[in-house]
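Subject: Handing over a structure, with notes on what was found

Dear colleague,

I am passing this structure on to you, and since it will be new to you, I have put my notes below it in an order that should be easy to follow. Please look through the structure itself before reading on.

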Amino acid sequence: MRQRDSGVGAGEARITGNIDGAGLQIVVDPDKGRCVVSTSEFAIGQTVVVGDVERIVPTRTTHSFQVGWDSHVDLTTPARDINHSCDPNTGIRDNDRGGFDFIALREIGPDEEITWDYETSEYVSIAVSRCLCGATGCRSVIRGYRYRSADPSWQPSHLAGYLSEPAPESSDSVLAALQPVEAGAQAPRQGR
Ligand SMILES: [Zn+2]
């Protein structure tokens, strides 16, 4: 049986409050840090979270979202608190606010953690050096679209729009991909 993206672990998690009208709450999990957890149900295709741009950042961070070949932004809460999963229950779609909407990929019930796949937006990801998602088939190290897309069996239904555009040779993202990856060099995004 496929392991679901569960909500948060038993017992120790701390709820910081419901997000008014959104059917979501932020939960602080002792292992994973801040998580976005549903308090209601979402149907397949429903927008679960709208991510507005809070600020443009000059370079990627472990919290930023890549919205263009050389464009990285911080999104508003709760979008910024959505954790990665290798078997996510939402996918991203560019929105007219310059950020991403998070769309339900399957039916989501109460107490499920909302997740997405960083490799559908980050060309070279520095956010997850050790994945804690717990999914069957967890990829353990999340390196980014550039590497993931080398697998022809990977056919994501949702991707950041810029990834369908040709990469500029001078792109910082492309240059970053030429740098050797230092395992463990970056703090994991999960567990913050
Ligand atoms: Zn994983």
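Let me begin with one pairing that leads into the rest: G91 has I103 of strand 10 as its bridge partner. Please keep in mind throughout that this is a predicted model.

**The chain as a whole**

The chain holds 2 helices and 11 strands, and when it is followed from the N terminus the elements come in the order β-β-β-β-β-β-β-β-β-β-β-α-α. Of the 192 residues in the chain, 35% are buried. If one takes the contacts between residues at least 6 apart in sequence, 64% of them join residues that are at least 24 apart.

**The sheet around strand 10**

The pairing of G91 with I103 belongs to an open sheet of 3 strands, which has the order 4-10-9 and antiparallel pairing. Strand 4 and strand 9 are the edge strands of this sheet, each of them pairing on one side only, and from one strand to the next the twist averages 30 degrees.

On one side, strand 9 (residues 90–94) is joined to strand 10 in the antiparallel sense by 5 bridges. These two strands form a hairpin with 5 residues between them, and in that hairpin G98 takes a positive phi near 90 degrees. On the other side, strand 4 (residues 47–50) runs antiparallel to strand 10 and is joined to it by 3 bridges, with T47 standing opposite I103.

How much of strand 10 is buried? In strand 10 (residues 100–104), 4 of the 5 residues are buried, so the strand is largely enclosed by the rest of the structure.

**The nonpolar cores**

The largest nonpolar core has 24 residues, and the ones with the most contacts inside it are V36, V48, V49, I82, F102 and I114. Two or more residues are given to this core by each of strand 2 (24–29), strand 3 (33–38), strand 4, strand 6 (65–68), strand 7 (71–75) and strand 10. Strand 10 supplies the largest share, which is 4 residues. As general background, nonpolar side chains tend to be buried together in soluble globular proteins.

I114 is a useful residue from which to explore this core, and one may ask which residues it is in contact with once its neighbours within four places in sequence are left aside. The contacts of I114 are then L24, V36, V37, S38, V48, V49, I82, N89, T90 and F102. There is also a second, separate core of 8 residues, which includes I126, V128, C131 and C133.

**The other open sheet**

Another open sheet of 3 strands has the order 5-7-6, and its pairing is antiparallel. Strand 5 (53–57) and strand 6 stand at its edges with a single partner strand each, so one side of each is left without a neighbour in the sheet. The twist in this sheet averages 40 degrees from one strand to the next. Strand 6 and strand 7 run antiparallel and are joined by 3 bridges, and the bridge partner of Q66 is H72 in strand 7.

**Backbone details in the loops**

Three places in the loops deserve a look of their own.

- The peptide bond from T77 to P78 is cis, with omega near 10 degrees, and P78 is placed in the loop between strand 7 and strand 8 (83–84).
- D111 is not a glycine, although it has a positive phi of about 70 degrees. D111 sits in the loop between strand 10 and strand 11 (115–116), and with 13 other C-beta atoms within 10 Å it is partly exposed.
- S140, also a residue other than glycine, has a positive phi near 70 degrees. S140 is found in the loop between strand 11 and helix 1 (145–148), and it counts as exposed, having 12 C-beta neighbours inside 10 Å.

The classes given to D111 and S140 rest on a cut-off, because a residue with 12 or fewer such neighbours is exposed, one with 20 or more is buried, and one in between is partly exposed.

With best wishes

Methods: Residues are numbered from 1 along each chain as its sequence is written. This is a predicted model: local features need pLDDT of at least 70, side-chain atom pairs count only at pLDDT 80 or more; totals for chains, interfaces and linings use all residues. Two strands pair if DSSP finds at least two bridges between them. A nonpolar core is a set of buried Ala, Val, Leu, Ile, Met, Phe, Trp, Tyr and Cys residues joined through C-beta atoms within 7 Å. Two residues are in contact if their C-beta atoms, placed from the backbone, lie within 7 Å. Axes are lines fitted to C-alpha atoms, for helices over the stretch in contact, and angles run from 0 to 180 degrees between N-to-C directions.
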